[in-house]
Amino acid sequence: MNPIKRIQGMQDILPEEWRYWNYVLDKGHELARLYGFERLDIPIMEKHELFERGIGTTADFFVQKEMYTIEEKKGAITLRPEFTAGVMRAYIQNGMSSWTQPVKLYLIGPIFRRERPQAGRFRQHHQFNCEILGEDDPAADVEVMMLALNLYRELGYKGLSFQLNSTGCKTCRPAYVEKLRDYLSQYVEQLGATDQERLTKNPLRVLDSKDKNVQPLLEDAPHLADHLCEDCATHFTDVQTMLQVLDAPYTINFRIVRGMDYYEKTVFEVLAQGIGAQSAVCGGGRYNLAPEIGGSSLPGVGFGSGIERIILGLKEAGIEPPAVPQPTVMIAHFGGETKVAAVKLAFELRQLGIGTRVAFARGKRSLKSQMREANNREVSYVVLLGEDELARGEVVVRPMDDRPQTTLPYADLVAYLTAD
RNA sequence: GCGGGUGUGGCGAAGGGGUUAUCGCGCCUGGUUGUGGCCCAGGAGAUCGUGGGUUCAAUUCCCACCACUCGCCCCA
C-alpha cells in the first residue's frame, strides 16, 4: 500500500512552524486593532460567477490562473483565488452600506490558485488582507499601505519600500491605453506571442512584461502617470505627499500594473528578499468593483499579503520568533493506583494554570523511560508519584535543572511549583 | 503549459551489475529493584519511487511513468 500523500502545492503547518505563524498573526491582529479594522470571515467557496465578474475575464489572473472550480447542479462554485470579490459580496449582502462609513475590515485565511508550485508559491496559501470600503480619500490608501509597512517593520524586516503607481480610472485610462497601443504597435514584430495577445486584449499588461527583448522598448513608452485625469492626478499627488510626510520610502514604478481588472488609481507592492524567485510579499491598491457584481458604486482600497512569504522572508533574515511555551510539569508514576492519582493531580494542576503532562503507558513503564520523555519534552519539573509517596500523602519533585529533588507534602506542591 | 534537478529505513545522507545495502540523527531496551541529559552495549525499522527492458544476475545500466523540487509565466 502506497501511503497517501499531500495534494501538490499544499502544505502541512507543523508545530515548529506555528511559532512563526503565531508571531505574524499576533502582530497582524494587533495592528488591525490599532488601526481600527474589524475581523471578517467569509466562506472559502463562492459562486464561480462572483470571480468571473469581479476579477474580470480579460485579467491575466483570471485567464491564466486555473481556479479550483466544481460544477454543481445549481451552477459552478469556486475555491476563492483572492479575497476582494468575496469581501464586496459580503458588504452588499450584509447591508454594510448602512453602517458608519467607511467600513474597515481585515481577513485571514486560505486562498487557492492552481498554479505550478515553486519556492514561495503554493496552490493553497494564506493571506492577511485589509480593506477600507466606502471611502475615496487618498488618506485611506495611505492608511492601508502604512499598516502593511508597519506590519513588516515590527516583525523585523529591514530596508522596505513601496513600489507605487497609478492605473488611472475609467475616465482617463482608455485614452492612455490607446496611446500605449499606438506606441507599442510600432514594435509588434519584436513582441513575443503573449505580449502580442496582450496588446490587443489588455495593452497595460505589456508594461509588466518580463521579456528581455521587450523591456528596452518600454523605455520611451508613455507613462500612465503623465496622462491621468485631474481627479486621478490629484489623488496620486496626495498619496505621495502623505507618504513623504510619514517618511515611508517609495519608488514610482510605472510597470506596476496589477493582474486584476478592478484596480483603479493607486496600485502598490512591497518587495522582500528570500522568498525564492518571488519578490512581492504584499500587493494592493484602489478599486471599485461593486457594480460588476450587482451593487452600486463603492470605492475601496486594500492589500493582500502572503503569510507564507512573510515567514520565508523572516527565516531568510534570520529573525527568530519566540518559541511556543511547553507545559512545565510532567507527572511520572508506576501504574495502577499511582497512575490514577497522577491523572487526578494533572487535572488539578491544570485547573490552577500550571501546564502539565502525564506520562502515558498501557502497562509497566520504567521511570527511566518517563524521565527521558520529560527531558525530551523540556519540562521544568517531574513530579513523581510512587506507591510510598501516595501512601504518605507526599510527592517527589525533581527539577530538571541542577537543583536537588525534594519530597513534599501533596498540599505544598503548588506553592513549590509557583515559587519562581 | 514549458524547462532543469532529485527520488535509498521516520528524517538527513553514502554507495554500487552479483553474497547479510552503509552511516549519522531519531526511536526502543539494558548498563542504574524508582530517576533525564553524556558515555557504553544491544535492538527494531528499507518492496533502494512505480512499471518495463538489457543481463546468467539490476537497488545499481536503459526507457517510460509518477512524485517531489527549482525556474519560466503569473502572482501573495
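**Exercise 1. State which elements cover the buried residues of helix α6, and establish where on the helix those residues lie.**

Solution. The cover over the buried residues of α6 includes α7 (193–201), α8 (215–218) and β9 (263–275). The model examined here and in the exercises below is a predicted one.

Step 1. Helix α6 comprises 13 residues, 173–185, and spans 18 Å between its first and last C-alpha, close to the 18 Å expected at 1.5 Å a residue.

Step 2. Its buried residues are R173, Y176, V177, L180, Y183 and L184. These residues occupy an arc of only 125° around the axis, and therefore lie on the same side of α6.

Step 3. The general background is that an α-helix has 3.6 residues a turn, so residues three or four places apart point the same way.

**Exercise 2. Describe helix α1: its extent, its buried residues, their cover, and what follows the helix.**

Solution. Step 1. Helix α1 runs over residues 15–35, a total of 21 residues. From first to last C-alpha the helix reaches 30 Å, close to the expected 30 Å.

Step 2. The buried residues of α1 are Y20, W21, V24, L25, K27, G28, L31, A32 and Y35.

Step 3. Among the elements covering them are the strands β5 (103–112) and β6 (124–133), together with the helices α5 (138–155) and α10 (307–316).

Step 4. After α1 comes G36, which has a positive phi, near 85°.

**Exercise 3. Determine how many residues of β6 are buried, and which strands pair with β6.**

Solution. Step 1. Of the 10 residues in β6, 10 are buried.

Step 2. The burial extends to both faces of β6: one side carries Q124, H126, F128, C130 and I132, and the other carries H125, Q127, N129, E131 and L133.

Step 3. β6 pairs with β5 in the antiparallel sense over 10 bridges, and in this pairing C130 of β6 has Y106 opposite.

Step 4. β6 is also joined to β11 by 7 bridges, again antiparallel; here E131 has G302 of β11 as its bridge partner.

**Exercise 4. Decide whether L298 is buried or exposed, and identify its surroundings.**

Solution. Step 1. L298 is placed in the loop between β10 (278–287) and β11 (300–306).

Step 2. The relative accessibility of L298 is 8%, so this residue counts as buried, the cut-off being under 20%.

Step 3. Leaving aside residues up to four places away in sequence, L298 touches M88, Y91, L133, G134, Y287, N288, L289 and A290.

**Exercise 5. Give the strand order of the open sheet of 3 strands, and state which strands stand at its edges.**

Solution. Step 1. The order is β2-β4-β3, with antiparallel pairing.

Step 2. The edge strands are β2 (45–47) and β3 (69–70); each has a single partner strand, so one side of each lacks a neighbour in the sheet.

Step 3. β3 is joined to β4 (residues 77–79) by 2 bridges, and I70 has I77 in β4 as its bridge partner.

Step 4. Helix α2 (residues 48–55) packs on this sheet, in contact with β2, β3 and β4, and its direction makes about 75° with that of β2.

**Exercise 6. State how β15 and β16 are connected, and how far apart the centres of the two assigned domains lie.**

Solution. Step 1. β15 (residues 394–399) and β16 (residues 406–409) are antiparallel and share 4 bridges; V397 is partnered by T406 in β16.

Step 2. A hairpin through 6 residues links β15 to β16.

Step 3. For chain A, the domain assignment gives domain 1 as 15–172 + 228–316 and domain 2 as 329–417. The C-alpha centres of domain 1 and domain 2 are 50 Å apart.

Technical notes:
Residues are numbered from 1 along each chain as its sequence is written. Chains are lettered from A and ligands numbered from 1 in the order in which they are written. This is a predicted model: local features need pLDDT of at least 70, side-chain atom pairs count only at pLDDT 80 or more; totals for chains, interfaces and linings use all residues. Side-chain values use heavy atoms; hydrogens and water are left out. Two strands pair if DSSP finds at least two bridges between them. Contact means heavy atoms within 4.5 Å. Axes are lines fitted to C-alpha atoms, for helices over the stretch in contact, and angles run from 0 to 180 degrees between N-to-C directions. Domain bounds come from an automatic or database domain assignment. The expected span of a helix is 1.5 Å times one less than its number of residues. Buried means under 20% relative accessible area, exposed over 50%, partly exposed in between (1.4 Å probe, protein chains only). The arc is that of the directions from the helix axis to the C-beta atoms.
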